[in-house]
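Morning, everyone. Please have a look at the structure on the screen, and then we'll walk through its pockets and its rings.

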Amino acid sequence: MNFASDNTGPVHPNVMAALNAANMGYALPYGADDATAQAVQDIRDVFEAPEAAVYLVSLGTAANSLILATLSQPWETVFCHTVAHIHEDECNAPEFYTGGTKLTLVPGDDAKMTAQSLRKSILAEETRGVHGPQRGPVSLTQATERGTIYSLAEIQEISATAKDFGLPVHMDGARFANALQTLGCSAAEMTWKSGVDAVTFGGTKNGLMAVEAVVFFDPKHAWEFELRRKRGAHLFSKHRFLAAQMQAYLAGDLWLDMAEKSNAACARLAQGLKQTPGVVLDFEPQANIIFAQWSRAAHQRLHAAGAKYYVMAGDHTTGPADELLPARLVTDWSASPEDVDRFLEILRG
């Protein structure tokens with residue numbers, strides 16, 4: 001019953017096998033190997049973008065930060081939601097890698113900005129001449145940090161607003177596959193066909209050991225990104241081990257299969273929570289993340305039984321038994337129906 005994070009889940013056996021195969025013999029370093037060339041082509045095929053500039057890094061934070069550094073100048077500001085991962089969970093890495101570009105936080109319900117709230121935030125910047133930040137990229141998190149999803153129409157509206165001001169659009173796709181499965185669309189439709197200029201194509205949260213892909217749909221950014229990646233210490237020497245993971249991820253649509261499984265486990269868990277008296281869901285789950293509240297007594301039962309998840313506020317070990325405490329539950333590809341059902345059984349007492 002481990003619902004702490006999709007980062008805690010196991011690496012898929014196919015990926016482990018690919019890593020073992022990549023360990024046989026020798027290969028050129030720094031991405032000059034055949035496996036990397038094939039992985040790049042595979043990603044271009046997934047996105048229907050034959051000219052895209054594609055690179056592999058080991059961390060989502062590195063991918064997001066290096067993309068934003070490539071798309072912005074130090075005197076600009078990045079527009080993102082108030083609970084965007086680049087704001088809440090990356091220890092100012094975007095500001096560090098961009099050389100000082102700030103973040104302007106855009107409000108919105110369900111962890112999503114709207115085209116209207118973005119326009120208002122954009123208009124509020126670049127109004128003080130040399131004294132204030134200049135307008136920079138727009139960054140969307142898909143799926144969001146609260147487990148909600150931007151629809152294609154919402155992405156298109158936000159992208160159109162950004163383009164009205166000549167601003168590029170970045171998508172933080174740490175849970176890209178989960179969002180894609182929910183929308184039932186293609187990777188191209190959720191990105192460049194909807195106005196997105198660059199995407200972090202996540203894998204680590206979806207069954208990989210450590211690899212994320214950076215995709216620029218305009219290859220003009222390629223050389224600058226390569227320099228920033230090297231300068232930022234994210235160009236792997238034994239690069240074939242990144243490529244091997246990505247090849248296995250895409251082979252036979254394994255990435256979509258794993259996302260479907262994690263989403264299905266989340267849906268089963270969410271349905272059970274809705275049917276449990278005393279449980280309140282804070283958001284309607286659309287991918288593989290749930291935010292909900294239930295009593296301290298139920299939290300104590302679950303933790304005593306070995307359940308792993310985050311209590312987001314308050315001390316579950318002491319206090320009124322009936323006090324509601326918020327929790328975050330995240331399912332990964334390996335979450336079983338039996339684990340979900342056992343969790344619900346204990347929760348209900």
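Which helix gives the largest share of the lining of the second largest pocket? It is helix α3, residues 60-71, with three residues. Keep in mind that this is a predicted model.

Let's stay with that pocket. The space in the second largest pocket comes to about 200 Å³. Its lining counts 16 residues, and the closest to the centre are Leu59, Gly60, Thr61, Lys205 and Glu212. By class, that lining has two nonpolar, nine polar and five charged residues.

Now the largest pocket. About 250 Å³ of space lies there. It is lined by 13 residues, with Asp89, Glu145, Phe291, Met312 and Arg328 the closest to its centre. Seven of the lining residues are charged, three are polar and three are nonpolar.

On to the rings. A pair of aromatic rings is described by the distance of the centres and the angle of the planes. The structure holds 15 aromatic pairs. Take Phe3 and Phe343. Their rings meet edge-to-face, 5.4 Å centre to centre, with 75° between the planes. This pair links distant parts of the chain, 340 residues apart. Phe3 lies in the segment before α1, and Phe343 lies in helix α14, residues 337-347.

Are these two buried or exposed? Phe3 is buried, because its relative accessible area is 1%, under the 20% cut-off. Phe343 is buried too, at 0%.

Two more ring features. Phe47, Phe176, Phe201, Phe217, Tyr249 and Trp255 are linked by ring pairs into a cluster. And the charged end of Lys112 sits over the ring of Tyr150, 5.9 Å from the ring centre.

How values were computed:
Residues numbered from 1 in each chain as written. Predicted model: local features only at pLDDT ≥ 70, side-chain atom pairs only at ≥ 80, totals over all residues. Heavy atoms only, no water. 1 Å grid on protein atoms, 1.4 Å probe; cavity = no way out; pocket = protein on both sides within 12 Å on 5 of 7 lines; lining within 4 Å. Points joined across faces, edges and corners; volume = space filled by probe spheres on them. Nonpolar A, V, L, I, M, F, W, Y, C, P; charged D, E, K, R; others polar. Helix = DSSP H or I, 4+ residues; strand = E, 2+ residues; numbered from the N terminus. Phe/Tyr/Trp six-rings, centres within 6.5 Å; stacked < 30°, edge-to-face > 60°. Buried < 20%, exposed > 50% of the residue type's maximum accessible area, 1.4 Å probe, protein only. Lys NZ or Arg CZ within 6 Å of the ring centre and 35° of its normal.
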